[in-house]
Amino acid sequence: MEKIFLSLNELKKINNDLEKIKNKDLKEVIEEIKQAKLMGDLSENSEYHSAKKKKFFIEEKIKNIENILSNSEIIKENDFKKIIKIRLKNIKNNEIIEYFIGKIQENKKNYIMEDSPIAIILKNKEVDDIIRVKKYNKEIIYKILSIE
């Protein structure tokens, strides 16, 4: 699984949610299972089967949250705001493209993480430098127009 970048506040919220699920929701469904068992024949007991399914989904949710926490890395709030804007011009067709490079993955067009292949190519480059990028098995040559 990929690294997940979280602020300290996000981490606290996720931990609080996890504790609520473990200490409240899971205990409630375990009690539901106990009560359903007292009703008799389990093979035809819909309350029992419903509670077992509910318990399964709660346990899966716990696993998912624990997986997120084990793959997370805390970053400072102001690191979320450190974004570099780079404008490139395709030498062949004069098309201009902008990339936004940051420490976290944004689900927006042309937002890339600083450890992505294009960001690594752009590292230590300056305005007017020429870079070569392989994209869809083709090499594209760009000129760096601006870095902000």
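**Exercise 1. Find the salt-bridge partner of Glu-139 and state how exposed each of the two residues is.**

Step 1. Apply the criterion: a salt bridge is a side-chain nitrogen of Lys or Arg within 4 Å of a carboxyl oxygen of Asp or Glu. Glu-139 meets it with Arg-132, whose closest N and O atoms are 3.3 Å apart.

Step 2. Classify the exposure, where buried means under 20% relative accessible area, exposed over 50%, and partly exposed in between (1.4 Å probe, protein chains only). Glu-139 is partly exposed because its relative accessible area is 47%. Arg-132, at 51%, is exposed.

Step 3. Look for shared partners. Lys-85, Arg-87 and Glu-98 are joined into one network by salt bridges that share partners.

The model is predicted: local features need pLDDT of at least 70, side-chain atom pairs count only at pLDDT 80 or more, and totals for chains, interfaces and linings use all residues. Residues are numbered from 1 along each chain as its sequence is written, and side-chain values use heavy atoms, with hydrogens and water left out.

**Exercise 2. Describe the salt bridge between Lys-143 and Asp-128 and locate both residues.**

Step 1. Take the distance: the side chains of Lys-143 and Asp-128 meet at 3.8 Å, N to O.

Step 2. Place the residues, using helices (H or I, at least four residues) and strands (E, at least two) as DSSP runs, numbered from the N terminus. Lys-143 lies in strand β7 (residues 138-147), and Asp-128 in the loop between α3 (117-122) and β6 (130-135). The pair is 15 residues apart and links distant parts of the chain.

Step 3. Add the exposure: with a relative accessible area of 28%, Lys-143 is partly exposed.

**Exercise 3. Is Asp-25 buried or exposed, and which residues does it contact?**

Step 1. Locate Asp-25: it is found in helix α1 (residues 8-37).

Step 2. Asp-25 has a relative accessible area of 18%, so it is buried.

Step 3. List the contacts (heavy atoms within 4.5 Å). Neighbours within four places in sequence aside, Asp-25 touches Lys-20 and Ile-58.

Step 4. Examine Lys-20. Its side chain forms a salt bridge with that of Asp-25 (3.2 Å, N to O), and Lys-20 is partly exposed at 43%. The structure holds eleven salt bridges.

**Exercise 4. Classify the one aromatic pair in the structure.**

Step 1. Rings of Phe, Tyr and Trp (its six-membered ring) pair if their centres lie within 6.5 Å; planes under 30 degrees apart count as stacked, over 60 as edge-to-face and the rest as tilted.

Step 2. The ring centres of Phe-56 and Phe-57 are 5.6 Å apart and their planes stand at 70°, so the pair is edge-to-face.

Step 3. Phe-56 is partly exposed at 46%, whereas Phe-57, at 56%, is exposed.
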